[in-house]
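Student: I should like to take a close look at a single part of this structure. Could you please guide me through the place where the ligand sits, and then add what helps to set it in context?

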Amino acid sequence: MKKKMKIQGKIWLIIDKDKNLINDIDTDMIFHNKYLAITDIEKMGQYTFDNLEGWKDFSSKAKTGDLVIVGKNFGSGSSRQQAVDCFASLGIQAILAESFGAIYKRNAINSGLPILQIKEIDLQRFNQREEIEINLVDGSTNSKYLVIEPFSKVQKDIYQAGNLFKFGKI
Amino acid sequence: MSKTIVEKIIQLHSDEEVKAGKIVWMKIDIRTARDFGGPNVVKNIEKYYPNEQLPDKQNIFFTFDTVAPAKTIPYANSQQICREFAKKNGIKVFDVDAGIGTHILMETGLARPGRTLVGTDSHFNILGAVGAFGQGMGDQDIAFAFRTGKTWFEVPETIKINLKGKFSYPTTGKDLVLYILKKIGSKGALGKCIEYYGECLKDLSFAEYITLCSMMTEMGGIVSFPEPNQNVKNFLIERTGENPEFIYADKDAKYCDEIVIDVNDLQPQIACPPKPDNVKDVEILKGLKIGSVFVGSCTNGRIEDIRDVAEILKGKKVAKEIMLRIVPATKEVYGQMLKENLVQILYDAGAIISNPGCGGCASGQIGMTGKGEVQISTSNRNFTGKQGAGKTYLASPITAAFAALKGEL
Ligand code: SF4
């Protein structure tokens, strides 16, 4: 099955009190180590951002198909896969960040979760929960205030296959 | 387009145009897994690729370096899982007698300039010493590389470090790398490569190249390439039977940063607990009482390192109540120690000598430190708990040997 290369969804701008995108959200804020024993993806979603100030109720608000927008160095810290899988568990379609931690990036790409690098964003132009459209092939969006990097070939291959291991079967 | 060393090596293994910042598929020449991580590699392969043939099996290896021979049942089980999988699939195992995997790859000539190698060992970048791209990865990535012979990688940027000046005995490559770590810090090379240039490299032994490259991990980096000297060339000629074809950077290659580090009159360095970049001049800590010394690990377990220690201890005894533990990196090094009578010299001096492997570094076969114990170790990490409950200071084999003799720094 070919996965769609154009996605649309309602956004969650993960911002602080001053309305800036939060930077340096580490894997403990995304999925705290006290839940590390959980290996069942279905059960992971409920703990997403459960340790991130201002966003502890995220899992109850998020809807399938939503898009998450965050700041710089997202997912630094440990190599835990749960910090990626918890978003898939909630049905989040993609994570857009100004930059990602290196291991997080590997884990996300390997598991086929679309993560997108923001080149430019004019935050003032976006409202919480507004709907946007993204073309994963060329990185274009339906807003001139948001520019993202298109998928690399690698990312596209793995995303299309489902995950790294499924890609390895091809 | 002009390229750095890492860009060139990856380009040789990729169909896509390679440049720093881009994610590309790359072919992996040699794939390995060790006793730590290996069982999960096996599990992933059996789960996702049951009954499928692995390609290019003569370039897949298991190495048992961390706890060899196994001292607990879980470790023994891990090694046995790897052995059985290897047997079933016709893959070679370097078993518990062989030593540290990365060193075996260099000794056997499997690691050579321009090649790409991956394994489940975070110090795989040590292979930069022979001009190879070595990279440690997680068990999912390694399982995939076993099955497909390739991996994807974000081409790293490179920092150029020019080492200015010269230094001499008793200052060694270990002191040099600790000093660089002090200068640039534990995030100094985060996600990047380093190319080293400079006069002082000419005088380093091959073992010192290994030491320099091994601590790239502690700088947060991907892999480093010191400009090869005659000692490295000689080692490669001996091991591969051919003239090494090193990959050199283009003259106008693009670096993300250029740093000059002055090493003139460099003094012996020591990394204080609990972090490898917490580096000071040994002089400052003079008189610090110690309880034990560990010489070995992938960073300082070569024959040259052990010769340094034997020379200092010859005909003498380690201080009262000091425990000195020595672990050669590989079986070959052990054999050489026997040939050169170093085992006798070290035994007479009061050392405990163990079979090859990671030794004290990976909570391995030669014991840990107890609470309150001060240890001088030649390995690469001194994080709390890594080598026991005591306090670990990282230094060169020479500093370690003198400390063993005096019972203090
Ligand atoms: S000696 Fe230590 S750092 Fe080196 S490979 Fe073994 S466990 Fe890792």
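Tutor: The account below begins with the surroundings of the ligand and then turns to a buried residue and a sheet. Please bear in mind that this is a predicted model.

The shell around the ligand is made up of Arg34(B), Asp121(B), His123(B), Ser297(B), Cys298(B), Cys358(B), Cys361(B), Ala362(B) and Asn380(B). Sorted by class, four residues of this shell are nonpolar, three are polar and two are charged. Residues of the shell come from both domain 1 (5–154) and domain 3 (269–406) of chain B, and therefore the ligand lies between these domains.

In the same chain, helix α4 (residues 101–107) contains Ile104(B). Its relative accessibility is 5%, so Ile104(B) counts as buried, the cut-off for buried being under 20%. Leaving aside residues up to four places away in sequence, Ile104(B) touches Phe94(B), Ala98(B), Gly99(B) and Thr330(B). Ile104(B) and Glu332(B) are separated by 228 residues in sequence, while their C-alpha atoms are 8.8 Å apart in space.

Chain A offers a sheet to examine. Its six strands form an open sheet of mixed pairing, in the order β5-β1-β2-β3-β4-β6. At the edges stand β5 (131–135) and β6 (146–148) of chain A; each has a single partner strand, so one side of each is left without a neighbour in the sheet. From one strand to the next, the twist averages 40 degrees. Strand β1 (residues 6–13) of chain A runs antiparallel to β5(A), and five bridges join them. Within β5(A), Glu133(A) is the bridge partner of Gln8(A).

Methods. Residues numbered from 1 in each chain as written. Chains lettered and ligands numbered in written order. Predicted model: local features only at pLDDT ≥ 70, side-chain atom pairs only at ≥ 80, totals over all residues. Heavy atoms only, no water. Near = heavy atom within 4 Å. Nonpolar A, V, L, I, M, F, W, Y, C, P; charged D, E, K, R; others polar. Domains from an automatic or database assignment. Helix = DSSP H or I, 4+ residues; strand = E, 2+ residues; numbered from the N terminus. Buried < 20%, exposed > 50% of the residue type's maximum accessible area, 1.4 Å probe, protein only. Contact = heavy atoms within 4.5 Å. Pairing = 2+ DSSP bridges. Axes fitted to C-alpha atoms, helices over the stretch in contact; angles between N-to-C directions.
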